[in-house]
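Happy to walk through this one with you. Have a look at the sequence and the model, and then let's take it question by question.

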Amino acid sequence: MNYLIVGLGNIGKEYEDTRHNIGFMVVDEVANQVGSSWSLLKLAYYSEFKQRGRNVYMIKPTTFMNLSGKAVNYWMQQLKVPIENVLVVVDDLAIPFGSLRIKPKGSAAGHNGLRSIEATCGGQNYPRLRFGIGDNYPKGRQVDYVLGPFDKDEQKELPALVDHAVKMIQSFINIGIELTMTNLNTK
């Protein structure tokens with residue numbers, strides 16, 4: 001069985017530790033824990049490993065957030081991964097910081113990366129791991145908030161949250177989305 005784990009984010013130093021790049025941070029930690037490295041290939045940084053006999057492929061699209069679907073669709077086709085085995089790790093303003101929720105499908109909810117994936121991969125029926133970043137910003141400052149760094153208090157909690165997200169990804173691969181939702185979704 002083949003799985004594709006997609007960490008959403010933007011390439012470039014200026015975006016490295018921003019809320020919008022939590023998808024990159026999570027898949028970087030997966031790679032770190034399993035000892036795999038990244039290669040720059042077509043439309044994405046790419047990494048792979050085996051987990052319990054399953055082929056796990058990971059990408060960090062280099063298309064920037066708004067065109068993420070182009071990379072996801074390309075790698076799904078190349079690697080012959082069915083849409084239900086694609087897991088997209090994404091920041092989410094609609095849920096509080098510290099909340100992690102995996103779900104089998106859903107709307108883009110205004111997220112341009114998810115909107116791009118919907119448009120190029122045929123709809124909303126793909127799993128996603130929503131990493132809550134909260135919505136603690138003044139009216140009209142959403143872009144500055146998502147493209148800004150986590151605050152000091154959030155930075156203290158981030159390693160444990162990223163580690164929990166990694167456990168959720170491993171569980172998704174090992175036992176599927178339903179049991180992972182039941183066992184590991186938070187708040």
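Q: How many bridges join S6 to S7, and do they run parallel or antiparallel?
A: In this predicted model, S6 covers residues 100–103 and S7 covers residues 128–132. One of the facing residues is Arg101, which stands opposite Arg130 in S7. The two strands are joined by four bridges, and their direction is antiparallel.

Q: Which residue of S5 is the bridge partner of Arg130 in S7?
A: Strand S5 spans residues 86–92, and five bridges join it to S7 in the parallel sense. Arg130 also has Arg101 standing opposite. In S5, the partner of Arg130 is Val90.

Q: Which residues of S7 point the other way from Arg128, Arg130 and Gly132?
A: Strand S7 is mostly covered, with five of its five residues buried. Arg128, Arg130 and Gly132 point one way, and the residues on the other side are buried as well. Those pointing the other way are Leu129 and Phe131.

Q: Which strands stand at the edges of the sheet?
A: The sheet is open, has seven strands and mixed pairing, and follows the order S2-S3-S4-S1-S5-S7-S6. An edge strand here has a single partner, so one side of it is left without a neighbour in the sheet. The strands that fit are S2 (39–41) and S6 (100–103).

Q: What is the average twist from one strand to the next?
A: The order S2-S3-S4-S1-S5-S7-S6 sets which strands follow one another in the open sheet. Going from one strand to the next, the twist averages 25°.

Q: Which residue in S4 does Val6 stand opposite?
A: S1 pairs with strand S4, residues 54–61, in the parallel sense over five bridges. Within S4, the residue opposite Val6 is Ile59.

Q: Is His20 buried or exposed?
A: UniProt lists His20 under "active site", in an unreviewed entry. His20 is found in the loop between strand S1 (2–7) and helix H1 (22–34). Its relative accessibility is 13%, and the cut-off for buried is under 20%. His20 therefore counts as buried.

Q: Which residues is His20 in contact with, leaving aside neighbours within four places in sequence?
A: The loop that holds His20 runs between S1 and H1. Leaving aside neighbours within four places in sequence, the contacts of His20 are Leu8, Gly9, Asn10, Met65, Asp91, His111, Val146 and Leu147.

Q: How many aromatic pairs are there, and what kind of pair do Tyr3 and Phe172 form?
A: With ring centres within 6.5 Å as the rule, the count comes to seven aromatic pairs. The rings of Tyr3 and Phe172 have centres 5.8 Å apart and planes at 80°, so the pair is edge-to-face.

Q: How many residues apart in sequence are the parts that Tyr3 and Phe172 tie together?
A: Both Tyr3 and Phe172 are buried. Tyr3 lies in strand S1 and Phe172 in helix H5 (residues 152–175), so the parts tied together are separated in sequence by 169 residues.

Q: What is the centre to centre distance between Tyr15 and Phe64?
A: Tyr15 lies in the loop between S1 and H1 and Phe64 in the loop between S4 and helix H2 (68–79), so the pair ties together parts that are 49 residues apart in sequence. The pair is edge-to-face, with 75° between the planes, and the centre to centre distance is 6.3 Å.

Q: Which residues does Tyr15 touch, not counting those up to four places away in sequence?
A: The C-alpha atoms of Tyr15 and Pro149 are separated by 8.5 Å, although the two are 134 residues apart along the chain. Not counting residues up to four places away in sequence, Tyr15 touches Asn10, Asn21, Phe64 and Leu147.

Q: Which residue lies over the face of Tyr126?
A: Lys60 lies over the face of Tyr45, at 5.5 Å from the ring centre. For Tyr126, the distance from the ring centre is 4.1 Å, and the residue over its face is Arg128.

Q: Is Lys80 buried or exposed?
A: Lys80 sits in the loop between H2 and S5, and its phi is near 55°, a positive value in a residue other than glycine. The relative accessibility of Lys80 is 67%, so this residue counts as exposed.

Technical notes. Residues numbered from 1 in each chain as written. Predicted model: local features only at pLDDT ≥ 70, side-chain atom pairs only at ≥ 80, totals over all residues. Heavy atoms only, no water. UniProt positions renumbered as here; feature names shortened; annotations may be inferred. Buried < 20%, exposed > 50% of the residue type's maximum accessible area, 1.4 Å probe, protein only. Contact = heavy atoms within 4.5 Å. Pairing = 2+ DSSP bridges. Axes fitted to C-alpha atoms, helices over the stretch in contact; angles between N-to-C directions. Phe/Tyr/Trp six-rings, centres within 6.5 Å; stacked < 30°, edge-to-face > 60°. Lys NZ or Arg CZ within 6 Å of the ring centre and 35° of its normal.
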